[in-house]
Amino acid sequence: LFSEPGAGSDLAALGTRAVRDEGGDWIVNGQKVWTSSAHLARWAILIARTDPGLPKHRGISYFICDMTDPGVEVRPLRQITGEAEFNEVFLNDVRIPDAHRLGAVGDGWKVARTTLMNERVSIGGARLPREGGMIGTVSRTWRERPDLRTHELHQRLLALWVDAEVARMTGERLRQQLAVGRPGPEGSGLKLSFARLNQQISGLEVELLGDEGLLYDDWTMRRPELVDFTGREAGYRYLRSKGNSIEGGTSEVLLNIVAERVLGLPAEPRDDKDVAWKDLTR
Ligand SMILES: Cc1cc2nc3c(=O)[nH]c(=O)nc-3n(C[C@H](O)[C@H](O)[C@H](O)COP(=O)(O)OP(=O)(O)OC[C@H]3O[C@@H](n4cnc5c(N)ncnc54)[C@H](O)[C@@H]3O)c2cc1C
């Protein structure tokens, strides 16, 4: 329960409100979107605005939300693959006890950033054996189907194989960083490579398979219990990987993070950092 219709990349602009009642509970109203697995979740992590009079990053608090509260309404959103793994979530007077607040009131952005940095490592840095993940699938097809091979595809496959191996070992290094504390912005670099590689590798596999690669026509409404980037047929993987450069932060936004916080390049101009959220144009 992070993204909203008006707050995705600019997440700190979010408008879902949490107001404290006399009993000390928080009453939450607003709309969230793209909420993965909301139809399955018992608990969700939620960020909401607790002080609109403060600049956008400072007036946010972080809560654990009980998805069985009668004010939580979950509606499916279908994806390019036909399935609905994510949802819109409407929050109507949802009651959250103060004990379910994580971090201090107004400190939610700091907690959310830690969550996001962990999410990027968990999306992009899954522990894999050599030739695990998407590169393993296409390598298998390559070995089993000599009839499909061309010299040009061979060169591209080799280059991607090396990139995938480098990304895998970089992931291992990042996990060691995680063991000693919170992940740094380098996790954004790993998630970037993950998205680029998945899209290039699944594209290569569809090319390799030719007509067979296009054999994906399952448009039945499905509510998957697991997100599986590497399962099913090549056509499915090709379509599902399109979301990899959006979920967990878009590739453009992650490039900005790498530029500013890893490479130390000048920050993008931001003129809204010190203005009260309620006075921002939305
Ligand atoms: C499969 C999937 C699962 C998801 N699951 C969840 C979930 O469980 N929970 C959740 O809260 N959200 C989830 N999301 C939402 C995701 O985090 C957002 O879609 C993402 O952050 C982008 O926000 P947006 O869609 O509003 O696009 P926008 O922010 O409107 O971006 C539109 C375009 O503008 C570009 N752009 C925006 N700002 C900049 C900038 N400063 N510099 C350069 N380019 C910029 C973007 O890169 C993008 O191309 C999921 C998304 C997908 C695809």
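Start by selecting Leu-128, Gly-132, Gly-133, Phe-194 and Asn-198: among the 25 residues that line the second largest pocket, these lie nearest its centre. Keep in mind as you click around that this is a predicted model.

**Stop 1: around the pocket**

With those five residues shown, turn on the rest of the lining. The space you're looking into comes to about 400 Å³. Now colour the helices. H1 (108–124), H2 (133–144), H3 (151–179) and H4 (186–209) each put at least two residues into the lining of this second largest pocket. Which helix gives the largest share of that lining? Select H3: six of the lining residues come from there.

Next, colour the lining by residue type. You should find 14 nonpolar residues, seven polar ones and four charged ones in the wall of the second largest pocket.

**Stop 2: over to the ligand**

Centre the view on the ligand and show what surrounds it. There are 16 residues in this shell, and the closest are Ser-3, Ser-9, Trp-34, Thr-250 and Glu-252. What mix of nonpolar, polar and charged residues makes up the shell? Colour by type again and you'll get four nonpolar, eight polar and four charged.

Try colouring by domain too. Domain 1 (11–106) and domain 2 (112–262) each supply at least three residues to the shell around the ligand.

**Stop 3: polar contacts, one serine at a time**

Pick Ser-3 and look at the backbone: one of its polar atoms there is 2.7 Å from an oxygen atom of the ligand. Move on to Ser-9, where the side chain does the work of pairing up, with an N or O atom 2.6 Å from a ligand oxygen. Then click Ser-36. Here the partner on the ligand is a nitrogen atom, and a polar side-chain atom of Ser-36 sits 2.8 Å from it.

How much of the ligand's area does the protein bury? Taken alone, the ligand exposes 980 Å², and 65% of that is buried by the protein.

**Stop 4: zoom out**

Finish with a cartoon of the whole protein, and you can count six helices and seven strands. Trace the chain from the N terminus and the order of elements reads β-β-β-β-β-β-β-α-α-α-α-α-α. For a sense of scale, draw a box along the principal axes: the C-alpha atoms fill roughly 70 × 45 × 35 Å.

Definitions and conventions. Residues numbered from 1 in each chain as written. Predicted model: local features only at pLDDT ≥ 70, side-chain atom pairs only at ≥ 80, totals over all residues. Heavy atoms only, no water. 1 Å grid on protein atoms, 1.4 Å probe; cavity = no way out; pocket = protein on both sides within 12 Å on 5 of 7 lines; lining within 4 Å. Points joined across faces, edges and corners; volume = space filled by probe spheres on them. Helix = DSSP H or I, 4+ residues; strand = E, 2+ residues; numbered from the N terminus. Nonpolar A, V, L, I, M, F, W, Y, C, P; charged D, E, K, R; others polar. Near = heavy atom within 4 Å. Polar contact = N/O pair within 3.5 Å; in protein donor to acceptor, adjacent residues only side chain to side chain. Areas by Shrake-Rupley, 256 points an atom, 1.4 Å probe, with all protein chains shown as cover. Domains from an automatic or database assignment.
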